[in-house]
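Below are some comments on the model you sent, set out as numbered points. They go from the interior to the helix packing and then to two backbone details.

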Amino acid sequence: MSKIIVVTGASSGIGALSARALARAGHTVYAGMRDTGGRNAPQVEAAAAYAREHGADLRSVELDVSSQDSVDAAIASIVAEHGRLDVVVHNAGHMALGPAEAFTPEQLAQLYDTNAIGTQRVNRAALPHLRAQRDGLLVWVSSSSVRGGTPPYLAPYFAAKAAMDSLAVSYAAELARFGIDTTIIVPGAFTAGTNHFPHSGHPADTAVEAAYEERYAGLSDQVGRKLAEITPPDADVAKVAEELARVVDLPKGERPFRVHIDPADDGGWLVAEVGDRIRAEFLRRIDLADLLTPARG
């Protein structure tokens, strides 16, 4: 059945690829992005061109996860157009690269806002509709860094993604009785095919950054180079989008709770497997096993 889907942060990278993959699968997809009339106007046209070329229902919508007004307006316009919303893909995110101490508290707050708090704004706008329907799906695009290998100089991003992942886990149980399903998609460190590394933020405190450079000279370049080296040459970030689209098309209650797509295999899948098993066992111990799957009807 064709679904009405919104994807946040869909101007490029995994978000744009996922929106296209979902549209190719026959769904009506809204590619959420900010500044659609300015900086991202070329991305809006690219999405429209893709839709024409593939006969797909791919649309763009102004959606800035840092603004509740923007999020509210985007979700309201989608629901007004179709009378429902079936799937929310939480993808918007931003990376930062550099020694943790050199980032100001304000910079960390901004990263948390984009990567974690933005999902809360979207949920507060979308979930009333999904709860009323007693049906829907939240897809959260996490990161293998949440529980896997964590190279240095990426602490602010890792911490913000871990916060988002924790929200996803808690929301899954709290939404199950409303018939709302949850899947967490976990990409590894793809060094090509996204703008994460090229567009990453940098510390504002350059003096502290310089002090670290005395002891950790060239570390930023080394991290990027080594991540690229351990990633297989055939690694394709489009596989993340394809897997996301596959999960969306699965029946409610049969979707995996967490899916890893990590060609470099940083070990995150192993830690997540244990953590998710412990979560399930604990919910059963306290007589809340029904929260492990979405209610039907």
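**Comments on the predicted model**

1. In this predicted model, the largest nonpolar core is made of 32 residues, and the residues with the most contacts inside it are L22, L58 and V89. The elements that each supply two or more residues to this core are the strands β1 (4–7), β2 (28–33), β4 (87–90), β5 (136–141) and β7 (258–261), together with the helices α1, α2 (41–54) and α8. Helix α8 provides the largest share of this core, namely six residues.

2. For L58, one of the residues with the most contacts inside that core, the list of partners can be written out in full. When residues up to four places away in sequence are not counted, L58 touches A19, R20, A23, V29, A31, A47, Y50 and A51. Apart from the core just described, there is a second, separate core of 30 residues, which includes V65, V79, A92 and A126.

3. The packing of helix α1 (residues 13–24) against helix α8 (residues 238–248) deserves a point of its own. The two helices pack at an angle of about 45 degrees, and their axes are 8 Å apart; at that angle, which falls in neither the parallel, the antiparallel nor the perpendicular range, α1 is therefore oblique to α8. The crossing of α1 and α8 is right-handed. On the α1 side the residues that meet α8 are I14, L17, S18, A21 and L22, while α8 contributes A238, V240, A241, L244, A245 and V248. By type, the residues of this contact comprise ten nonpolar and one polar, with no charged residue.

4. Where does A21 sit, and which residues does A21 contact once its neighbours within four places in sequence are left aside? A21 is placed in helix α1, and its contacts, with those neighbours set aside, are A241 and A245. The C-alpha atoms of A21 and A245 are separated by 6.2 Å, although the two residues are 224 residues apart along the chain. Because buried means under 20% relative accessible area, A21, at 6% relative accessibility, counts as buried.

5. A second helix pair, α3 (residues 68–82) with α4 (residues 105–133), packs at an angle of about 25 degrees, with the axes 8 Å apart. Since angles under 35 degrees count as roughly parallel, α3 is described as roughly parallel to α4. The crossing of α3 and α4 is right-handed. The contact is formed by Q68, V71, D72, I75 and V79 on α3, and by R121, V122, A125, A126 and H129 on α4. The residues of this contact divide into six nonpolar, two polar and two charged. Two of the contact residues, V79 and A126, are also included in the second core of 30 residues.

6. Finally, two backbone positions could be checked by eye. Y153, which is not a glycine, has a positive phi of about 75 degrees; Y153 lies in the loop between β5 and α5 (155–176), and Y153 is buried, with a relative accessible area of 10%. D265 is likewise a residue other than glycine with a positive phi, in this case near 50 degrees. D265 is found in the loop between β7 and α9 (268–285), and with a relative accessible area of 48% D265 is partly exposed.

Terms used:
Residues are numbered from 1 along each chain as its sequence is written. This is a predicted model: local features need pLDDT of at least 70, side-chain atom pairs count only at pLDDT 80 or more; totals for chains, interfaces and linings use all residues. Side-chain values use heavy atoms; hydrogens and water are left out. Axes are lines fitted to C-alpha atoms, for helices over the stretch in contact, and angles run from 0 to 180 degrees between N-to-C directions. Angles under 35 degrees count as roughly parallel, over 145 as roughly antiparallel, 65 to 115 as roughly perpendicular and the rest as oblique. A crossing is left-handed if the near helix is turned anticlockwise from the far one by less than a right angle, and right-handed if clockwise. Contact means heavy atoms within 4.5 Å. Ala, Val, Leu, Ile, Met, Phe, Trp, Tyr, Cys and Pro count as nonpolar, Asp, Glu, Lys and Arg as charged, and the others, Gly among them, as polar. A nonpolar core is a set of buried Ala, Val, Leu, Ile, Met, Phe, Trp, Tyr and Cys residues joined through side-chain atoms within 4.5 Å. Buried means under 20% relative accessible area, exposed over 50%, partly exposed in between (1.4 Å probe, protein chains only).
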